[in-house]
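Welcome! Take a moment to turn the model around on your screen before you read on, and keep the sequence beside it.

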Amino acid sequence: MKKILLFFGLMLCTFLSGAQQLDCSFTQARTLKATGKVFHAEGVISFLAPDQLTMTYTKPKGEYLVISGPMLRSNTLGQQLSIDTSKNARFRNLRNTLLNCIMGDCETAARDNDAELTESVKDGVRTVEMKARKASPRGYSRILMEYRNGNPVRMVLDEFGGISTEYIFTY
């Protein structure tokens, strides 16, 4: 009986450790490493597991990223995209990485990005770093996630192309 209770306790902790639903605001700093130029943005996020994510930018107004099931829609710098990620591997990886990182499933995100995963906990913040095992023409060379109480509070996406994007989430 103790083993069964322990098993269910561990399963419950695993389930609760990742965000299943969240609403928060965010700030974004996108840095072009070649020039050091930083572009700032902000907005609100609504997430419902397993595959509903809406990032609505208030600055710059009108930009968005929406994931609804396999569909990914965005408006960035006036360029609108609508992609069925079940038919596009590049965007499927982007979609899955974002969703897995928000839910706290970094093991899957690391596996999908062929990355080495390291974790640490300090002062109540779980830090997860994923570093690519080999260079690639696209994708992420490094992903850094920080969680407090199971919710993401910081995400840094370093692209092979030299762009680093940092998100700070405020609840």
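Here is a short tour, topic by topic, of what can be read from these atoms. Please keep in mind that this is a predicted model. The chain has 171 residues, and 37% of them are buried. Its secondary structure consists of 3 helices and 11 strands.

**The overall picture**

- If you walk along the chain from the N terminus, you meet the elements in the order α-β-β-β-β-β-β-α-α-β-β-β-β-β.
- The chain exposes an accessible surface of about 10,200 Å², and carbon and sulfur atoms account for 57% of that area.
- Among the contacts with a separation of 6 or more, 32% link residues that are 24 or more positions apart in the chain.

**Two hairpins that share a strand**

- Start with strand β4, residues 61–68, and strand β5, residues 71–76: they run antiparallel and are joined by 5 bridges.
- One of the pairings to look for is S68 with its bridge partner M71 in β5.
- The hairpin of β4 and β5 has 2 residues between the strands, and G69 there takes a positive phi near 65°.
- Strand β5 also runs antiparallel to strand β6, residues 79–84, and here 6 bridges join the two.
- In this second pairing, R73 has S82 in β6 as its bridge partner.
- The hairpin of β5 and β6 also has 2 residues between its strands.

**Unusual backbone spots**

- Most residues other than glycine have a negative phi, and most peptide bonds are trans. Keep that in mind for the next few points.
- L77 is not a glycine, yet its phi is positive, at about 55°. You will find L77 in the loop between β5 and β6, and with a relative accessible area of 79% L77 is exposed.
- N149 is another residue that is not a glycine but has a positive phi of about 55°. N149 sits in the loop between β9 and β10 (151–159), and N149 counts as exposed because its relative accessibility is 73%, over the 50% cut-off.
- The peptide bond from A49 to P50 is cis, with omega near 5°. P50 belongs to the loop between β2 (38–48) and β3 (52–59).
- Another cis peptide bond joins K59 and P60, this time with omega at about -5°. P60 is in the loop between β3 and β4.

**Salt bridges**

- How many salt bridges does the structure hold? There are 9.
- K87 pairs with D84, and their closest N and O atoms are 4.0 Å apart. K87 is exposed, at 72% relative accessibility, whereas D84 is partly exposed, with a relative accessible area of 24%.
- R126 and E119 form another salt bridge, with 2.9 Å between the closest N and O atoms. E119 is partly exposed, at a relative accessible area of 41%.
- Is E146 buried or exposed? E146 counts as buried because its relative accessibility is 19%, and the cut-off for buried is under 20%.
- The salt-bridge partner of E146 is R154, with an N to O distance of 3.1 Å. R154 is partly exposed, with a relative accessible area of 23%.
- Elsewhere, salt bridges that share partners link E129, R142 and D158 into one network.

**Pocket and cavity**

- The largest pocket has a volume of about 1,300 Å³.
- Its lining is made by 41 residues, and R30, R90, L94, Y140 and E159 lie nearest the centre of the pocket.
- Which element gives the largest share of the lining of the largest pocket? Helix α2, residues 89–103, does so with 5 residues.
- A search of the whole structure turns up 1 cavity of 30 Å³ or more, and the largest cavity holds about 30 Å³ of space.
- The lining of the largest cavity consists of N113, A115, M130, K131, A132, Y140, S141, R142 and I143.
- β8 (125–132) and β9 (140–148) each supply at least two residues to the lining of the largest cavity, and β9 gives the most, with 4 residues.
- Look out for Y140 as you explore: Y140 is among the residues nearest the centre of the largest pocket, and Y140 also lines the largest cavity.

Key
Residues are numbered from 1 along each chain as its sequence is written. This is a predicted model: local features need pLDDT of at least 70, side-chain atom pairs count only at pLDDT 80 or more; totals for chains, interfaces and linings use all residues. Side-chain values use heavy atoms; hydrogens and water are left out. Buried means under 20% relative accessible area, exposed over 50%, partly exposed in between (1.4 Å probe, protein chains only). Contact means heavy atoms within 4.5 Å. Accessible areas come from the Shrake-Rupley method with a 1.4 Å probe; for residues, only the protein chains shown count as cover. A salt bridge is a side-chain nitrogen of Lys or Arg within 4 Å of a carboxyl oxygen of Asp or Glu. Two strands pair if DSSP finds at least two bridges between them. On a 1 Å grid over the protein atoms alone, a cavity is a set of points where a 1.4 Å probe fits but cannot get out, and a pocket is an open set with protein on both sides within 12 Å along at least five of seven lines; lining residues have an atom within 4 Å of a point. Grid points are joined across faces, edges and corners, and a volume is the space filled by probe spheres set on the points.
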